[in-house]
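Thank you all for coming; I would like to walk through one model this morning, taking the salt bridges and then a pair of packed helices. Please have the sequence and the structure open while I talk.

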Amino acid sequence: MIERNLTGSTALGAPEANDRDLALDFAKGVLIILVIVGHLIQYILYRDEGFWDSPCFKWIYMFHMPLFMAISGYLACRALLRKSLAQAVGDRAMQLLLPMLFWYALLETAKLAVLPRAPDASDDILPFLYDVAGTYWFIWAAFVCFLLVKILSIFDHYSPWILFVSVVVVALAPLTFSIFPLIKYTYPFFCLGFSFAQSRDHWTSIARRYKLLLIASLCIAALVCFLAWQKDTYVYNNLALVQDMLSAKNVLLMLFGSAAASAIMIELFLQCWRFGRSNRVVRFIAMEIGQSTLVLYLIQGTVFRLMDSIQYAEPSDLTTRWAVAGILGGAIVLVTLMLRRTVRDIPYLSQFILGASPRALRPAGQPSHK
């Protein structure tokens, strides 16, 4: 059963201000919007498990987190290859884990305020671990993927074979506890992004030479996988575990379908940026939403986990559900952007809440406030 708070590492954070790729920021902005839309479909538009069969839900979940992880691997390449193990892991922990712990503490405080602790409640730590792992699973997955690739890069910076072997080992690992299936699912995409960043010119030249054929083939593959995609194809249900021919088919369909859909969607996002970058809405998605993806992910995860913990009246008719979904989604984005603008230039607070220093959050060319 899918966790009620399905939820995006460098792709969620902010790279150095002078090195920003606004095309990737645009892609990240669209992806985090789709994360929120996917949760709104699950929490608001469907009152039962009917979301599994929603074509929109299926389309979003085929690619949004795999592509997010591939962008993470791509953007993390320089840190993985140039920084020492201690510096790289320390910087990544400060960027991802520190703000996650802040929002987790806020979540638990809110839950205690809304749901008073029962007098006979046990001191079992498992519910707390479930919250911190399940609510922000992508943060943990991004950090673990970064750590694994960094350790491998110590032995050989450029060998694709070591990376490939690690993908096979991780994918076939019989781990189904907690968020391990999600790490197994997203790790290959992190490695793909990292590998592409290492030999970008080579792969770009090949893609240009056979672009039409590649796009046509990927579209057909993605469409076939979309039509074959069922409830057991989701990683939340198959747990990325190969036990027999049926489970092997579901896992392979999941990985192959996600790869094909991710490739098509990143090409679509980059073309949208190329032709629409002068449009105010497109630039807003790139420069505001795309550069706020970490805090957006954390806030929406906190909100939906809190909704999962309390009883609330669900709208009865579809029109009202659409309205509620739109209001809630808009409120999450608005609050996030207001918070980011408020604290981004405050030392330590921006690191604690947003996962980035004021310098990293400032647009390129903008002087610091003295």
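Let me begin with a question: does Arg341 count as buried or exposed, and at what relative accessibility? Before I answer, please keep in mind that what you see is a predicted model. Arg341 has a relative accessibility of 51%, and because the threshold for exposed is over 50%, Arg341 counts as exposed. Its salt-bridge partner is Glu288, with the closest N and O atoms 3.1 Å apart, and Glu288, in contrast to an exposed residue, is buried, at a relative accessible area of 15%. This pair links distant parts of the chain, since Arg341 sits in helix α15, residues 318-343, and Glu288 in helix α13, residues 280-289, with the two positions 53 residues apart.

A second pair also links distant parts of the chain, namely Glu267 in helix α12 and Lys211 in helix α10, residues 211-228, which are 56 residues apart. Their side chains meet in a salt bridge with an N to O distance of 3.4 Å. Glu267, at 25% relative accessibility, counts as partly exposed, and Lys211, at 34%, counts as partly exposed as well.

For a third pair, look at Asp91 and Lys83, whose side chains form a salt bridge at 2.8 Å, N to O. Asp91 is partly exposed at 35% relative accessibility, and Lys83 is partly exposed at 24%. The count of salt bridges comes to 10.

Let me turn now to helix packing. Helix α2, residues 55-75, packs against helix α12, residues 245-276, at an angle of about 75°, and their axes are 8 Å apart; the two helices are therefore roughly perpendicular to each other. On the α2 side, the contact is made by Trp59, Met62, Phe63, Pro66, Leu67 and Ile71, and these meet Gly257, Ser258, Ala261, Ser262, Met265, Ile266 and Phe269 of α12. What is the character of the residues in this contact? They divide into 10 nonpolar and 3 polar residues, with no charged ones.

I will finish with a single residue, Ser153, which lies in helix α6, residues 137-155. Ser153 counts as buried, at 3% relative accessibility, and, if we leave out residues up to four places away in sequence, Ser153 touches Leu80 and Leu81.

Definitions and conventions:
Residues are numbered from 1 along each chain as its sequence is written. This is a predicted model: local features need pLDDT of at least 70, side-chain atom pairs count only at pLDDT 80 or more; totals for chains, interfaces and linings use all residues. Side-chain values use heavy atoms; hydrogens and water are left out. Axes are lines fitted to C-alpha atoms, for helices over the stretch in contact, and angles run from 0 to 180 degrees between N-to-C directions. Helices (H or I, at least four residues) and strands (E, at least two) are DSSP runs, numbered from the N terminus. Angles under 35 degrees count as roughly parallel, over 145 as roughly antiparallel, 65 to 115 as roughly perpendicular and the rest as oblique. Contact means heavy atoms within 4.5 Å. Ala, Val, Leu, Ile, Met, Phe, Trp, Tyr, Cys and Pro count as nonpolar, Asp, Glu, Lys and Arg as charged, and the others, Gly among them, as polar. Buried means under 20% relative accessible area, exposed over 50%, partly exposed in between (1.4 Å probe, protein chains only). A salt bridge is a side-chain nitrogen of Lys or Arg within 4 Å of a carboxyl oxygen of Asp or Glu.
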